[in-house]
Amino acid sequence: MGFHHISVMLDETVNGLVTDPAGTYVDCTLGGGGHSRRIAELLQQEGRIIGIDQDADAVEAAAERLKGVRCRVDIVRDNFRHLEEILRAQEAPRIDGALFDLGVSSHQLDMAERGFSYMQDAPLDMRMDPDAPLSAYDVVNAYEEQELFRIFKEYGEERWAKRIAEFIAMARRTQPIRTTGELVDIICKAVPKAVRQAAGGHPAKRVFQAIRIEVNDELGILEQSFRTAVAHLKPGGRIAIITFHSLEDRIAKQTLRELSRGCICPPELPVCVCHHEGELRLRGKPQRAKAEELSRNTRAKSAKLRIAEKIY
């Protein structure tokens, strides 16, 4: 199966990110190379793209997609949590832009054997890096019931988190929960039928999101990675962040807001004495996918794009 992923808000993201056609741009979530390919179309021969992804399928697909572009392309198979070390190894201490397209790719969702989807029966996995030690199987079968409750509540914002955790703990006493289908059945039994019918959408959606976040430590790596990217931006360089759910968007929003904040004096002081200056300038309000794009790609529905520019 070829790597299939539709890049969200492609033009809005790339046009808002690229300011120097001879600059260096880091795609921290390379995926199939959709955003990077569009960035490459705007760059001159002197320009450079550094693409990062921990998924071997993504790296292979992106390398193929970026063949023949006129700018320099360097692809690194790694997690963007290591951005500092990657930039050092690539001898790129100052960059003109950094892109984070968060969440799971369409390819990962569509490949049943990766175990991301609650719509297809497959072994419980959900690892964005197939070589990573922790899988969804480990979380579902080895975590204490209370820890499952916490994950479902915090990462999935699941109303029935406690009951679902109880049902999982009860089911695995008999035998391990091995597949996504088995897990979906347990979740459906835990959530009352009337609630499922009234809520609409799939009852397993939030739980699968929560497990995926835990397996890949998706939230734990965000703030520091955003700060690292900003620290390496040249004045006038930009950071673009695409989020897909409220938890990661909250981290993006708070981090960019803090880095763009001016005075940090206590509110009771009548005048500013700190003379603190924010290092970022927010570029307008968060953007949403337009109706035309939503008609082609329903997965863009929850996406938000935030862009900020380095001041100094």
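## Exercises on helix packing and one exposed serine

The axes of α7 and α11 come within 8 Å and cross at roughly 100 degrees. The model is a predicted one, in which local features need pLDDT of at least 70 and side-chain atom pairs count only at pLDDT 80 or more, while totals for chains, interfaces and linings use all residues. Residues are numbered from 1 along each chain as its sequence is written, and side-chain values use heavy atoms, with hydrogens and water left out.

**Exercise 1.** Classify the crossing of α7 and α11, and describe the residues in contact.

*Solution.* Angles of 65 to 115 degrees count as roughly perpendicular, and α7 and α11 are therefore roughly perpendicular to each other. On the α7 side, the contact (heavy atoms within 4.5 Å) is made by Arg150, Ile151, Phe152, Tyr155 and Gly156; the residues from α11 include Arg206, Val207 and Glu214. The residues of this contact divide into 7 nonpolar, 2 polar and 3 charged, with Gly counted among the polar ones.

**Exercise 2.** Determine which residues of α8 are buried, and where around the axis they lie.

*Solution.* In α8 (residues 161-171), the buried residues (under 20% relative accessible area, 1.4 Å probe, protein chains only) are Ala161, Ile164, Ala165, Ile168 and Ala169. They cover an arc of only 135 degrees around the axis, which puts them on the same side of α8. Their cover includes α6, α7, α9 and α11.

**Exercise 3.** Decide whether serine 295 is buried or exposed, and locate its polar partner.

*Solution.* Serine 295, in helix α14 (residues 291-296), has 60% relative accessibility and so counts as exposed, the cut-off being over 50%. A polar atom of the serine 295 side chain lies 2.5 Å from the backbone oxygen of glutamate 292.

Note on methods: Helix = DSSP H or I, 4+ residues; strand = E, 2+ residues; numbered from the N terminus. Arc of directions from axis to C-beta. Axes fitted to C-alpha atoms, helices over the stretch in contact; angles between N-to-C directions. Parallel < 35°, antiparallel > 145°, perpendicular 65-115°, else oblique. Polar contact = N/O pair within 3.5 Å; in protein donor to acceptor, adjacent residues only side chain to side chain.
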